[in-house]
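Biologist: I would like to learn how to read a protein model step by step, beginning with the whole chain and ending with single residues. Could we go through one together?

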Amino acid sequence: MIVITTPTGQIGGRLLDILLNESPTCSDELRVIVRDPARLPAAVRSRVDVVTGSHGDAEVADRAFAGADAVFWVVPPAPRTPSLNDMYSGFTRAAAKAFTTHGVGHVVGVSALGRGTPMAGRAGHVTASLAMDDLIASTGVAYRALANPTFMDNLLWEVASIRDDGVFTSTVAADRAAPLAATRDIAAAAAGLLRDRSWSGTGEVRVLGPEDLSPNDMARIMSDVLGRPVRYQQQSLDEFRAALVGRGVGEALVAGYVDMMRAKDDGLDGGLRRTPETTSPTTFREWCEQVLKPAVQA
């Protein structure tokens, strides 16, 4: 049995689709934890075991992980969390106990690049994600952290600005190249690990995309695909902070995002050597053609 958390999210939802519809040799039963089962299509609900509730709740985790061989773990956003430690490790603590209680053998978690870098201890959400990885690893389960860079799909938050003004924003330097990953490739990496559980111990699996790109590179590709000019506008960290506050994001999350983006501009994700195992397939151009362009044209 494989248990999937956040089955209606970008990564969890795609993972569920892969395991249900693109893995004919996968014989595992599937169980999902979801706050609102109605958000799952009826055709999906009929094919999976559904546990209703939050996977951060001890009673829900205890029910969901009973009989489980493997778990896909994602911490959901908590805009009003009092601290990043509460959001990541605090949320995970009950599940970590349940992993041990029920003898879960393998866990795959969504995490971040940065371990071992000089910025790892001061990178906001990344730092908290790495602490969460350590907590899960301490239970003795075989654990793989999917170490991800910035998601290509984050640009979907800026569809209106790209469509109406031809502008997208971030805080990193316009010429700073870094890896980008499509969430569908992260889900595919998770599916591979969950289907073939011959691995042991703890470690990370990097999902780096096929190339490093700067914001200027991204603007050029978006302009080409969309057939209209798109330019990058660099925000200051203060402007970024103000925008988050204006959207109602809580103080702890705002500070975490600011620290993370500062670390990224200091090179947190840079200088990584790609291997066939860490090079995920979707190019930024392909993602723009298949995901961004339809969203802009909708």
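Modeller: What follows is a walk through this structure, which is a predicted model.

Biologist: Let us begin with the whole chain: how many helices and strands does the chain have?

Modeller: The chain has eleven helices and twelve strands, and along its principal axes the C-alpha trace spans about 55 × 40 × 40 Å. A useful check on overall shape is the radius of gyration: for 298 residues, a compact globule would have a value near 19 Å, and the chain agrees because its own value is 19 Å.

Biologist: What share of the residues is buried, and what share of the contacts links residues 24 or more positions apart?

Modeller: Buried residues make up 50% of the 298 residues. If we take the contacts with a separation of 6 or more, 78% of them are between residues 24 or more positions apart. The accessible surface comes to about 13,200 Å², and carbon and sulfur atoms account for 50% of that surface.

Biologist: Now to the inside: which residues of the largest nonpolar core touch the most other members?

Modeller: That core holds 65 residues, and those touching the most other members are F65, W73, F99, M222 and F284. Helix α4, residues 84-101, gives the most to this core, with seven residues. To see one member in its surroundings, take M222, which, leaving aside its neighbours within four places in sequence, is in contact with L155, I162, F168, G227, V230, F284, C288 and L292. Apart from this core lies another one of 31 residues, among them L16, F72, V110 and A190.

Biologist: Some of those contacts of M222 belong to a helix near the end of the numbering, so let us look there. Where does helix α11 bend?

Modeller: Helix α11, residues 284-297, bends by about 35° at V291, and a proline, P294, follows within four residues. In α11, the residues F284, W287, C288, L292 and V296 are buried, and the buried residues of this helix pack against α6 (159-165), β9 (178-181), β11 (212-213) and α8 (215-226).

Biologist: I would also like to understand salt bridges; how many are counted here?

Modeller: The idea is to look for a side-chain nitrogen of Lys or Arg within 4 Å of a carboxyl oxygen of Asp or Glu, and the count comes to 15 salt bridges. In one of them, the side chains of R63 and E59 meet with N to O at 2.6 Å.

Biologist: How many residues apart are R63 and E59 in their helix?

Modeller: The general idea is that an α-helix has 3.6 residues a turn, so residues three or four places apart point the same way. R63 and E59 both lie in helix α3, residues 58-65, and are four residues apart, about one turn of the helix. R63 is partly exposed, with a relative accessible area of 40%, and E59 is partly exposed too, at 44%.

Biologist: Which parts of the chain does the salt bridge between D134 and R115 link?

Modeller: The side chains of D134 and R115 meet at 3.1 Å, N to O. This pair links distant parts of the chain, 19 residues apart, with D134 in helix α5 (residues 125-137) and R115 in the loop between β5 (106-112) and α5. D134 is partly exposed at 44% relative accessible area, and R115 is partly exposed at 38%. There is also a network of salt bridges that links R14, D17 and E22.

Biologist: E22 makes me curious about its surroundings; which residues is R195 in contact with?

Modeller: Leaving aside neighbours within four places in sequence, R195 is in contact with I18, L19, E22, S23 and C26. R195 sits in helix α7, residues 183-195, and is partly exposed, at 37% relative accessibility.

Biologist: Finally, backbone angles: what is the phi of T6?

Modeller: As a general rule, most residues other than glycine have a negative phi. The phi of T6 is near 45°, a positive value in a residue other than glycine. T6 is found in the loop between β1 (2-4) and α1 (10-21), and T6 counts as buried because its relative accessibility is 17%, which is under the 20% cut-off.

Note on methods. Residues are numbered from 1 along each chain as its sequence is written. This is a predicted model: local features need pLDDT of at least 70, side-chain atom pairs count only at pLDDT 80 or more; totals for chains, interfaces and linings use all residues. Side-chain values use heavy atoms; hydrogens and water are left out. Helices (H or I, at least four residues) and strands (E, at least two) are DSSP runs, numbered from the N terminus. Buried means under 20% relative accessible area, exposed over 50%, partly exposed in between (1.4 Å probe, protein chains only). A nonpolar core is a set of buried Ala, Val, Leu, Ile, Met, Phe, Trp, Tyr and Cys residues joined through side-chain atoms within 4.5 Å. Contact means heavy atoms within 4.5 Å. The radius of gyration is taken over C-alpha atoms; the globule rule is 2.2 Å times the number of residues to the power 0.38. Accessible areas come from the Shrake-Rupley method with a 1.4 Å probe; for residues, only the protein chains shown count as cover. The bend at a residue is the angle between axes fitted to the seven residues ending there and the seven starting there.
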